[in-house]
Amino acid sequence: MAEFRIVVLASGRGSNLRALLAAQEAGRLGGARVVCVASNKPHSAAVAFAENSGIEALAYDPRDFTSREGFDQTLVGLAMERKPSLLVCAGFMRVLSADSVALAKGRMINIHPSLLPKYPGLKTHERALAEGDREHGCSVHQVVPEVDAGPVIAQARVPVLPGDSAEMLASRVLLREHPLLVATVRAFAEGKLSAGPEGVACRGIPLHAPLSLDDDDCLSEPR
Ligand code: GRF
């Protein structure tokens with residue numbers, strides 16, 4: 001079987017990247033392998049971690065490019081040259097321009113810290129608290145040109161507890177982001193999930209509702 005190759009796009013601390021690599025090492029990523037980390041932040045912890053782990057890092061500063069589109073097309077174009085089966089945005093804090101998203105042919109996913117379609121964009125934990133939500137969580141979705149608006153593939157839920165600060169809630173969500181991203185990537189690598197320009201399918205059938213992360217850190221299908 002062809003190798004399931006992953007390019008991770010990351011901009012910051014890189015805890016989701018580390019979770020993917022730990023799962024790969026432990027044989028819990030369905031045989032998938034992270035072949036490259038691409039970044040818009042050359043000095044980020046994510047890039048340093050990739051380099052220290054012997055993984056190719058493609059890291060460029062957008063300020064060295066003459067246009068936004070030029071940077072995005074270069075980064076995604078170089079990522080695609082690594083022949084990825086899946087591109088995984090894991091804390092990639094940049095809105096890619098539409099032409100660069102198209103280069104990925106629907107095979108780009110992103111992890112977002114809210115139960116989409118609630119709270120696309122930034123400050124999701126603050127917004128969930130301000131709304132008085134009793135439940136919050138994280139989503140993995142297919143990347144489309146509109147920010148955080150692609151089909152939602154899988155979600156994990158956490159309670160909002162009395163007295164929560166945004167930081168406390170963010171930590172609780174992050175603890176579920178890692179297994180959610182690992183389980184979703186594993187489902188792609190094992191062929192349960194597939195994604196392309198036409199959307200996302202589960203066992204060959206268009207996904208009609210997000211999968212949920214269960215207590216065993218596996219994805220359950222909607223009924
Ligand atoms: C995560 O909460 C992710 O959902 C959001 O940014 C954060 C990145 O964390 N997009 P890390 O860099 O993976 O630690």
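Modeller: Before we look at this predicted model, one term is needed: helices, of at least four residues, and strands, of at least two, are DSSP runs numbered from the N terminus.

Colleague: Where, then, is Lys83 found?

Modeller: Lys83 is found in the loop between α3, which covers 68-81, and β4, which covers 86-89. Its phi is near 55°, a positive value in a residue other than glycine.

Colleague: What joins Leu116 and Pro117?

Modeller: They are joined by a cis peptide bond, with omega at about 10°, and Pro117 has its place in the loop between β5 and α5.

Colleague: Let us turn to the largest pocket: what is its volume, and which residues are the closest to its centre?

Modeller: The volume of the largest pocket is about 860 Å³. There are 39 residues in its lining, and the closest to the centre are Gly91, Phe92, Met93, Ile111 and Pro113. At least two lining residues come from each of α1 (15-25), β5 (108-112), α5 (124-130) and α6 (166-189), and by class the lining holds 19 nonpolar, 13 polar and seven charged residues.

Colleague: Where does the ligand sit, and what makes you say that a molecule sits in a pocket?

Modeller: The ligand sits in the largest pocket. The wording applies because more than half of the atoms of a molecule must lie within 2 Å of the grid points of the pocket, and the ligand is listed as sitting there.

Colleague: Why does the pair formed by Ser15 and the ligand count as a polar contact?

Modeller: A polar side-chain atom of Ser15 lies 2.6 Å from an oxygen atom of the ligand; the cut-off for a pair of N or O atoms is 3.5 Å, so this pair counts. By that cut-off Asn16 also qualifies, because a polar side-chain atom of this residue lies 2.9 Å from an oxygen atom of the ligand. The protein buries 87% of the 370 Å² that the ligand exposes when taken alone.

Colleague: How many residues of each class make up the shell around the ligand?

Modeller: The shell divides into three nonpolar, four polar and two charged residues, with Arg13 and Glu177 among the residues around the ligand.

Note on methods
Residues numbered from 1 in each chain as written. Predicted model: local features only at pLDDT ≥ 70, side-chain atom pairs only at ≥ 80, totals over all residues. Heavy atoms only, no water. 1 Å grid on protein atoms, 1.4 Å probe; cavity = no way out; pocket = protein on both sides within 12 Å on 5 of 7 lines; lining within 4 Å. Points joined across faces, edges and corners; volume = space filled by probe spheres on them. Nonpolar A, V, L, I, M, F, W, Y, C, P; charged D, E, K, R; others polar. Near = heavy atom within 4 Å. Polar contact = N/O pair within 3.5 Å; in protein donor to acceptor, adjacent residues only side chain to side chain. Areas by Shrake-Rupley, 256 points an atom, 1.4 Å probe, with all protein chains shown as cover.
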